[in-house]
Amino acid sequence: MVDIAISMTLFFLAALFEICGGYLVWLWLRENKGLGVGLLGGVVLAIYGIIPTLQPAHFGRVYAAYGGIFIVSSLIWGFVVDKKNPDRYEIIGALIALVGVFVMFYIPR
Amino acid sequence: MVSFQNGAMFISVINSKLNMNLENDPKCISKTRCILYTIFLFILAGIFEIGGGYLVWLWLRENKEITFAILGAVVLFLYGIVPTFQPSYFHRIYATYGGIFVVMSLAWGWAFDGTVPDNYDLIGASIILVGVAIIYYWPRKGEN
């Protein structure tokens, strides 16, 4: 149970660093924010690369769970940072994708 | 000629609906080409992310020298650059990429670790691909 809590925390942390790093690189190349912002994004992405090595154990289909967290986190990031409400098709598509994640991750084998 | 007109119409719809300027993007001169190009970018991003993460992993978990980590950091930086070539919004590109990542991880495990996906993996992966395809490729009207 503790392992699962640690694992989920690390997933959210990884998604946060990955999306944040990608966003900084995006600001550099798409919003003309300067190379410094882009390089900072590179540093954040490098830190992101370290997080999965802290995962306590091998969890089999964890990447499916991470993908689901990543999809939802991206839409939340757009809502909070870019002030873009998820549109109908983003919500429908995300819900369908989460059904797929559920099938991969939770159906007992 | 017909496909060119469809492509031109697709671009003008995209430009007016999404408030984007895709005419200047030679990769998106036709609908098919645009879809192939964006799929290529998603796969390329996945290769860079998994590859870069793997190099960092080798440094910290397999006691390889620091050169691996530096190379991994560079590859992860490249991973961050790839989505900036996508003709859409940041949050939509990243949400879609989340689904691509799951499927590519499955394929990676199959190819390199010999982890054969079972039926539920394949069904789940297919459902995920349908979901993210709707997120990314569903035509939008009146978008700002």
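Trainee: If a residue is buried when 20 or more other C-beta atoms, placed from the backbone, lie within 10 Å of its own, exposed at 12 or fewer and partly exposed in between, what share of chain B counts as buried?

Mentor: Of the 144 residues of chain B, 38% are buried by that count. This is a predicted model, in which local features need pLDDT of at least 70 and side-chain atom pairs count only at pLDDT 80 or more, while totals for chains, interfaces and linings use all residues. Residues are numbered from 1 along each chain as its sequence is written, and chains are lettered from A and ligands numbered from 1 in the order in which they are written.

Trainee: What is chain B built from?

Mentor: Chain B has 5 helices and 0 strands, where helices (H or I, at least four residues) and strands (E, at least two) are DSSP runs numbered from the N terminus. Along the sequence the pattern reads α-α-α-α-α.

Trainee: And how many residues does each chain bring to the contact?

Mentor: Chain B contributes 41 residues and chain A contributes 43, with contact taken to be C-beta atoms within 7 Å. On the chain B side, α2, α3, α4 (90-112) and α5 (119-137) each supply at least two residues, and α5(B) gives the most, with 12. That side of chain B divides into 25 nonpolar, 11 polar and 5 charged residues; here Ala, Val, Leu, Ile, Met, Phe, Trp, Tyr, Cys and Pro count as nonpolar, Asp, Glu, Lys and Arg as charged, and the others, Gly among them, as polar.

Trainee: Which residues meet where α2(A) contacts α3(B)?

Mentor: From α2(A) they are A:Gly41, A:Gly42, A:Leu45, A:Ala46, A:Tyr48 and A:Gly49, and from α3(B) they are B:Gly72, B:Ala73, B:Leu76, B:Phe77, B:Tyr79 and B:Gly80. By class this contact has 7 nonpolar, 5 polar and no charged residues. The axes of α2 (residues 35-50) of chain A and α3 (residues 66-81) of chain B come within 8 Å and cross at roughly 115°, the axes being lines fitted to C-alpha atoms over the stretch in contact, with angles from 0 to 180 degrees between N-to-C directions.

Trainee: What about α1 and α3 inside chain A, at what angle do they cross?

Mentor: The axes of α1(A) (residues 2-30) and α3(A) (residues 62-80) cross at roughly 50° and come within 9 Å. A:Phe11, A:Phe12, A:Ala15 and A:Ile19 make the contact from α1(A), and the α3(A) residues include A:Tyr66, A:Ile69, A:Phe70 and A:Trp77. That contact has 9 nonpolar, 2 polar and no charged residues.

Trainee: Switching to B:Gly53, is that one buried or exposed?

Mentor: B:Gly53, which lies in helix α2 of chain B, is buried because 23 other C-beta atoms lie within 10 Å. Leaving out residues up to four places away in sequence, B:Gly53 touches A:Gly49 and A:Pro52. Within chain B, the C-alpha atoms of B:Gly53 and B:Ala73 are 8.2 Å apart, although 20 residues separate them along the chain.

Trainee: Last topic, backbone angles: what is phi at A:Asn32?

Mentor: A:Asn32 has a positive phi of about 55° although it is not a glycine. Most residues other than glycine have a negative phi. A:Asn32 sits in the loop between α1 and α2 of chain A and counts as exposed, because it has 8 C-beta neighbours inside 10 Å.

Trainee: And where in chain B does B:Asn63 lie?

Mentor: B:Asn63 is in the loop between α2 and α3 of chain B, and its phi is also positive, near 55°. With 8 other C-beta atoms within 10 Å, B:Asn63 is exposed.

Note on methods. Two residues are in contact if their C-beta atoms, placed from the backbone, lie within 7 Å.
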